[in-house]
Amino acid sequence: MAALIAENFRFLSLFFKSKDVMIFNGLVALGTVGSEELFSVVAFNCPCSPARNYIYGLAAIGVPALALFLIGVIWNNHTWNLVAECHKRGTKNFSAAATFLLFGSIMGRASVAPITWSVISLLRGEAYICALSEFIKPSSLDKFPAEYGAEVLAKFPCRDVPANLTKFRDEVTRRLRYESQLFGWLLIGIVAVLIFLTKCLKHCCSPLSYRQEAYWAQYRSNEDKLFRRTAEVHSRILAAKNVKQFFGFVALDKEEKELVQEFPVEGVQPSPQWNAITGVYIYRENKGFPLYSRLHKWAKGVEGNGPTPEGHELLFLAS
């Protein structure tokens, strides 16, 4: 059983570490659906009180969506690359198109979870019914008793109404659920159209051929994997060296001893090198040859980040 659980976690980790944007976004959406279902079952509880219903219903949809959006922005590597870029070099090297492209990429990725949350909330209809039940006009309900007003309508989501109003409660609930689900389906359609147009625009405006773009994606993935793996080994060896200098010895296991012997580390990289390979990167070419990353540009000895007589800026951001 333990081996099976470990294998399942390993499978999930491979998915979450995948660089495929569609797979990642799909997993985010599925996780959001599960969270919304859990929230509706456990946490959602309409107050059924005038003025409070509207605030609570909107908060149930909007606040989690806002939180998911901010989490998406925080988890996006482009966000922190942009922060590093602004801190070290400013945005003078970016054109308006490049800046728009960057923010669009960050916002698009971060919008997957909140849009999913909003769609599922609207399709379920509970929050929408809770928020708007008190605003139904009694005159729109056939033969609705004149002595009842917004206070009774606000209690419709809780089914705490007089027996003679049961049929009106069912009609109001059905009407609001219809509106809520209609907005949900419309939101799905709008998002689908926007995604389609964005993908078309991206490929139409891309300066790269399909095969070169695929190669660039593979290069970025491999560079990131190798950089992380090498950085982990380098930092471990450097830490072992410093610990040994302090204590006179260092307790290493067999694998770590082999690493220390195989990869001698003499020092650390200076800060200018770290700054040179950190930050936002827009695809560029130098003398007709592609530069696929900041690390690639640094390794080729190309200076600067903006377009130069020898370099040509092609406004295409890695997805």
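This report describes the cysteines of a predicted model and the disulfides that some of them form.

A disulfide is a covalent bond between the sulfur atoms of two cysteines. When sulfur pairs within 2.5 Å are accepted as bonded, the count comes to two disulfides, and the table sets them out.

| Disulfide | S to S distance | Torsion about the S-S bond |
|---|---|---|
| Cys46 and Cys130 | 2.1 Å | about 80 degrees |
| Cys48 and Cys158 | 1.6 Å | 95 degrees |

The link of Cys46 and Cys130 is right-handed, as its torsion is about 80 degrees. Because Cys46 lies in the loop between α2 (21-42) and α3 (52-75), while Cys130 belongs to helix α7 (residues 126-132), this disulfide ties together parts that are 84 residues apart in sequence. Both Cys46 and Cys130 are buried.

The disulfide of Cys48 and Cys158 is likewise right-handed, with 95 degrees about its S-S bond. Cys48 is found in the loop between α2 and α3, and Cys158 in the loop between α8 (150-153) and α9 (166-205), so that distant parts of the chain, 110 residues apart, are linked. Cys48 is buried, with a relative accessible area of 11%, whereas Cys158 is partly exposed at 35%. If the bonded cysteines are numbered in sequence order, the pairing reads 1-3, 2-4.

Why is the sulfur of Cys200 not bonded to that of Cys204? The two sulfurs are 6.2 Å apart, which is too far for a bond, and Cys204 is in no disulfide. Cys200 is partly exposed, with a relative accessible area of 31%, while Cys204 counts as exposed at 67%.

Note on methods
Residues are numbered from 1 along each chain as its sequence is written. This is a predicted model: local features need pLDDT of at least 70, side-chain atom pairs count only at pLDDT 80 or more; totals for chains, interfaces and linings use all residues. Side-chain values use heavy atoms; hydrogens and water are left out. Helices (H or I, at least four residues) and strands (E, at least two) are DSSP runs, numbered from the N terminus. Buried means under 20% relative accessible area, exposed over 50%, partly exposed in between (1.4 Å probe, protein chains only).
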